[in-house]
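These are my notebook entries on one protein chain. I set down what I looked up, beginning with the whole chain and then turning to single residues.

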Amino acid sequence: MSGNVRLLSDTLAAAKAEGRSALIAYLPAGFPTVDGGIEAVKAVFAGGADIVEVGLPHSDPVLDGPVIQTADEIALRGGVRIADVLRTVREAHAATGKPVLVMTYWNPVDRYGVERFTAELAEAGGAGCILPDLPVEESGLWREHAGRHGLATVFVVAPSSRDARIATITEAGSGFVYAASLMGVTGTRASVGAQAEDLVRRVRATTELPVCVGLGVSTAAQAEEVAGFADGVIVGSAFVKRILDAPDTESGIAAARELAADLAAGVREGARRSRARQA
């Protein structure tokens, strides 16, 4: 069975045709429970997210800050497995018809088996994978199987990446490019920073792939700012924090849906302001 890389590309293209950025949400599988995590993904789609990244919880999430680390610990204590991650993708996609990716560190995929993981992710309706710690030079086996199964391979670029390195990364990737807005780990920040816009400009000089910005975006105002120059706005820790801070799962899911609606409004306002500046 083929995965949904085409759906991912079409979704990003449709947002561009509407003159706006796509809103991409991140939520870990198994958080606060497997069933609760599935409902949370459905809720952020209902609130206005175009795409969702489902995190595969890891015991040493080097790119993630304390909020997502806490969620991963809760999921791991609850016994989450790769089968639960794939179930989350399957049920969320089946319920919404929208693109769902997996964001994971390389070690769990390597241990599970690349051929097995890509086949099962495609069967679940997944659109692809974001692999923040897989070097391009070591990604050949993954890309071979991902391509065979219709899955996107999304790589991460950082402000510290040299232009030649960015070109190497973007040539190997598919779906979109994940541009980290700053150096450091995930988490909410007071401002996203001008270096994100510069990074998007540098990435676009190397590729026709959409460029989506993550790390640090947590409010509608920040989403509006990033939407003024990026093809997609990625938000993770803010959703997780809403669920963590809620008194119960139902309230947390409702809060995540509300945040998605606020961010979706911010993304659209950012696009409107960008068009007004260009007019």
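Entry 1, surface. Accessible areas come from the Shrake-Rupley method with a 1.4 Å probe. By that method I found an accessible surface of about 11400 Å² for the chain. Carbon and sulfur atoms hold 49% of that surface. I note that the model I consulted is a predicted one.

Entry 2, overall form. I looked up the secondary structure and found 12 helices and nine strands in the chain. The radius of gyration is 17 Å, close to the 19 Å that the globule rule gives for 279 residues, so the chain is as compact as a globular protein of that length. Along the principal axes, the C-alpha atoms fill a box of roughly 50 × 45 × 30 Å.

Entry 3, interior and contacts. I asked what share of the 279 residues counts as buried. The value is 57%. I then took the contacts in the chain with a separation of 6 or more, and found that residues 24 or more positions apart account for 75% of them.

Entry 4, charges. How many positive and negative side chains does the chain have? I recorded 27 positive and 34 negative ones. The centres of the two sets lie 4 Å apart.

Entry 5, Asn 4. I located Asn 4 in the segment before helix H1 (5–17). Is Asn 4 buried or exposed? Its relative accessibility is 19%, and buried means under 20%, so Asn 4 counts as buried. The side chain of Asn 4 reaches the backbone oxygen of Gly 125 at 2.8 Å. Leaving out residues up to four places away in sequence, I listed the residues that Asn 4 touches: His 93, Gly 125, Gly 126, Ala 127 and Gly 150. Gly 125 therefore appears both in this list and as the partner of the Asn 4 side chain.

Entry 6, Phe 31 and Pro 32. I looked up the peptide bond that joins Phe 31 and Pro 32 and found it to be cis, with omega about 0°. Most peptide bonds are trans. Pro 32 lies in the loop between strand S1 (22–28) and helix H2 (34–47).

Entry 7, Ile 68. I found Ile 68 in helix H3, which covers residues 66–77. The relative accessible area of Ile 68 is 2%, and this residue is buried. Leu 27 is 41 residues away from Ile 68 along the chain, and the C-alpha atoms of the two are separated by 8.7 Å.

Entry 8, the loop between S6 and H8. I looked up two residues here. Ala 158 is in the loop between strand S6 (156–157) and helix H8 (163–172), and Arg 162 is found in the loop between S6 and H8 as well. Which of the two terms, buried or exposed, applies to Ala 158? With a relative accessible area of 18%, Ala 158 is buried. Arg 162, at 69% relative accessibility, counts as exposed, because exposed means over 50%. I also took one C-alpha distance for each residue. Ala 158 and Gln 195, 37 residues apart along the chain, are separated by 9.8 Å. Arg 162 and Glu 250, 88 residues apart in sequence, are 45 Å apart in space.

Entry 9, Thr 207. I placed Thr 207 in the loop between helix H9 (194–204) and strand S8 (211–214). Thr 207 is buried, with a relative accessible area of 13%. A polar atom of its side chain lies 3.0 Å from the backbone nitrogen of Leu 209. Not counting residues up to four places away in sequence, Thr 207 touches Thr 170 and Val 177.

Entry 10, Ala 246. Where does Ala 246 lie? I found Ala 246 in the loop between helix H11 (237–245) and helix H12 (249–278). Apart from its neighbours within four places in sequence, Ala 246 is in contact with Ser 251 and Gly 252. The C-alpha atoms of Ala 246 and Asp 262 are separated by 18 Å, with their positions 16 residues apart along the chain.

Technical notes. Residues are numbered from 1 along each chain as its sequence is written. This is a predicted model: local features need pLDDT of at least 70, side-chain atom pairs count only at pLDDT 80 or more; totals for chains, interfaces and linings use all residues. Side-chain values use heavy atoms; hydrogens and water are left out. Helices (H or I, at least four residues) and strands (E, at least two) are DSSP runs, numbered from the N terminus. The radius of gyration is taken over C-alpha atoms; the globule rule is 2.2 Å times the number of residues to the power 0.38. Buried means under 20% relative accessible area, exposed over 50%, partly exposed in between (1.4 Å probe, protein chains only). Contact means heavy atoms within 4.5 Å. Lys and Arg count as positive and Asp and Glu as negative; His and the chain ends are not counted. The place of a charge is taken as NZ of Lys, CZ of Arg, CG of Asp or CD of Glu. A polar contact is a pair of N or O atoms within 3.5 Å; within protein, one must be able to donate a hydrogen and the other to accept it, and residues adjacent in sequence count only if both atoms are side-chain atoms.
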